[in-house]
Amino acid sequence: MERDGTEFDSMAYGPIGKAVRASMAHSEADPIGTLAALLAQVSTTFTGHARQLFDEPLGVWTVAVGLPAEGRKGTAVRTALALLPSKMRAFIGDRTVSGVANGPAFLDKLLEVKEEADATKDSRGPGMLVFESEYTNITMSSCRKLQPFLHDAWDGARISNTTKAGPQSISRPRVGFHAHIQPGIWGAAIKPLAAQQGSYSRVLPVWVHSERLLPTPKKGASDWLASVKPCTALDAAFEWLLREPRHIGFDEGARVEYDALRQRWMHQNRERSRDLSAFFTRADAHVRRIAAVYAIVGRKTEITRPMLQAATAFVEYSMSTVEWLESQAGRKNRRRDVIPVDDRILSALGRLGGRATRTQLFAALGGMVPRAEIDPALDFLIEGGRIEPVTVPREAGARGPAPRAYQIVPEPKPEPVKPARKARPARAARPATTAPPRKRTQSAPKTQSAPKTSKQQPEESAPPKRRSGKAKKTTATESGPEPGLTLFSDQ
């Protein structure tokens, strides 16, 4: 992905922008990656203490997209932590969780944080930061049950689950999110169907790349990041929030510009493909959250136009990143033939002996086909008469409804039809080969001699031809004069 070098300047605003710019002298990280990690950390600390439009949470969810080592994704996270003041750094250290594999485990972590905050009367709030060094740990099929819980957490909706010990729920989760992913595996891990279900419109992927190399520290010298100075404005803003809850909104100029921005993005989304526009359906909400963070850092309750424009630049950079990643994934997918889901199901049924349950089908497909795509494909095959549902007999003593299976409908064998005997083509009649008439000269009788002065007419020679037994007899007029007649009349 090409960059002109001005992207960071357009999205960096206020004390946060100045702090990240100052850290560039002591870090090899991409400043955009540092800003993305810092927004996720700061918003996690602030959430629960600020109320904004539509009463939505303040958490900013970001994903750093970069090549191994060259992206400096881990360095960006450490740089962002070095920019936090001591109180906020301790809070993020206590409230960061990783390796959350499913929804119930995610809810357990949220309840654990809330109970600890209530027990210790922690005034810092119930915020929790989810950090995943590999975003594929969340996007792959084994973690699909986590996605609905993450959707509710981003929306600030109630999350509930039923366990053997009883029901669990949390009414207002406050969650921040940051993850890493490599561009080469984007096409394999990020599926269009999951994007249309809203799984990826709640995160902001940003391309990170750094070619900055700092001199290697001398032996015994401290790390580069030890020279990064914390942003004191963040400490003051955190104390400002803890004194009383703040309500963040737009001033009049920013509100008018924000409405125009929403209108423009809505028209742009209509012109994009459905798979691509699914990533940008919540772009305006991301702008509200980032602009609110900028306002809180400046200890303001109103979002101004410069704050709005800086937040818009960050979100538009994320949109450009997604467009580039999807174009790369599209080129890769066009090199191979994509087998439809219904054909893959029929192939799996054939391997399983012609009959299988839905669970067996999912296992036979290797978990690479989402369960949400299997049911429509099964309905399509049933309507087309290619498979049929059957009830599997229950084992003795088994409880519950009988399991349902699907089997291939054998194609009816057509009745053998004897091929019609081909009629022999009529033999073409051969044309009769008649020898051309042969002109002959009949000599005069021996008793009568011709005059010596007259010359005898030479005999015409004809090409020798085999006589056909079917040749017609020629008449006297055709073959020559009748015997007994002289060729020359007496004069």
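The paragraphs below lead through a predicted model, from the whole chain to its open sheet, the helices packed on that sheet, and selected buried residues.

The chain contains 19 helices and 14 strands. Of its 491 residues, 41% are buried. The chain exposes about 29400 Å², and carbon and sulfur atoms supply 52% of that area. Among contacts with a separation of 6 or more, 76% are between residues 24 or more positions apart.

A useful place to begin is the open sheet. This sheet has 5 strands in the order 3-4-7-2-8, and their pairing is parallel. Its edges are formed by strand 3 (96-97) and strand 8 (204-207), each of which pairs on one side only. Strand 2 (residues 61-65) and strand 7 (residues 175-181) run parallel and are joined by 5 bridges. Within this pairing, T62 has H178 of strand 7 as its bridge partner, and V65 has I181 of strand 7. Strand 4 is likewise joined to strand 7 by 5 bridges, and these two strands run parallel. Here E132 stands opposite A179 of strand 7.

Strand 7 deserves a closer look. Is this strand mostly covered or mostly exposed? Strand 7 is mostly covered, with 7 of its 7 residues buried. In a regular strand, side chains alternate between the two faces of the sheet. In strand 7, V175, F177, A179 and I181 point one way, while G176, H178 and H180 point the other way. The residues of both sets are buried.

The helices that pack on the sheet come next. Helix 3 (residues 31-46) packs on the sheet and touches strand 2, strand 4 (128-132), strand 7 and strand 8. The direction of helix 3 makes about 155 degrees with that of strand 7. Helix 6 (residues 103-120) lies across strand 3, strand 4 and strand 7, and runs at about 140 degrees to strand 4.

Helix 3 also packs against another helix. Two packed helices are described by the angle between their axes and the distance between the axes. For helix 3 and helix 11 (residues 232-243), the angle is about 25 degrees and the axes are 10 Å apart. Because angles under 35 degrees count as roughly parallel, helix 3 and helix 11 are roughly parallel to each other. Helix 3 contributes V42, T45 and F46 to the contact, and helix 11 contributes L234, A237, F238 and L241. These contact residues comprise 6 nonpolar, 1 polar and no charged.

Helix 15 (residues 305-333) brings the account back to the sheet. F314 has its place in helix 15. Which residues does F314 contact, leaving aside its neighbours within four places in sequence? They are M11, L35, A36, L39, T62, L204, V206 and I290. F314 has 0% relative accessibility and counts as buried, because the cut-off for burial is under 20% relative accessible area. The C-alpha atoms of F314 and V206 are separated by 8.6 Å, although these residues are 108 residues apart along the chain.

V315 also has its place in helix 15. With a relative accessible area of 1%, V315 is buried. Leaving aside neighbours within four places in sequence, V315 is in contact with L204, W265, A283, H286, V287 and I290. The C-alpha atoms of V315 and D284 are separated by 8.6 Å, and these two residues are 31 residues apart along the chain.

Two further elements complete the description. Strand 5 (residues 159-163) and strand 6 (residues 166-170) run antiparallel and are joined by 5 bridges. A hairpin of 2 residues joins strand 5 to strand 6. In this pairing, T162 stands opposite P167 of strand 6.

Helix 4 (residues 73-83) is mostly covered, with 8 of its 11 residues buried. The buried residues of helix 4 are K73, T75, A76, V77, T79, A80, A82 and L83.

How values were computed:
Residues numbered from 1 in each chain as written. Predicted model: local features only at pLDDT ≥ 70, side-chain atom pairs only at ≥ 80, totals over all residues. Heavy atoms only, no water. Pairing = 2+ DSSP bridges. Helix = DSSP H or I, 4+ residues; strand = E, 2+ residues; numbered from the N terminus. Contact = heavy atoms within 4.5 Å. Axes fitted to C-alpha atoms, helices over the stretch in contact; angles between N-to-C directions. Parallel < 35°, antiparallel > 145°, perpendicular 65-115°, else oblique. Nonpolar A, V, L, I, M, F, W, Y, C, P; charged D, E, K, R; others polar. Buried < 20%, exposed > 50% of the residue type's maximum accessible area, 1.4 Å probe, protein only. Areas by Shrake-Rupley, 256 points an atom, 1.4 Å probe, with all protein chains shown as cover.
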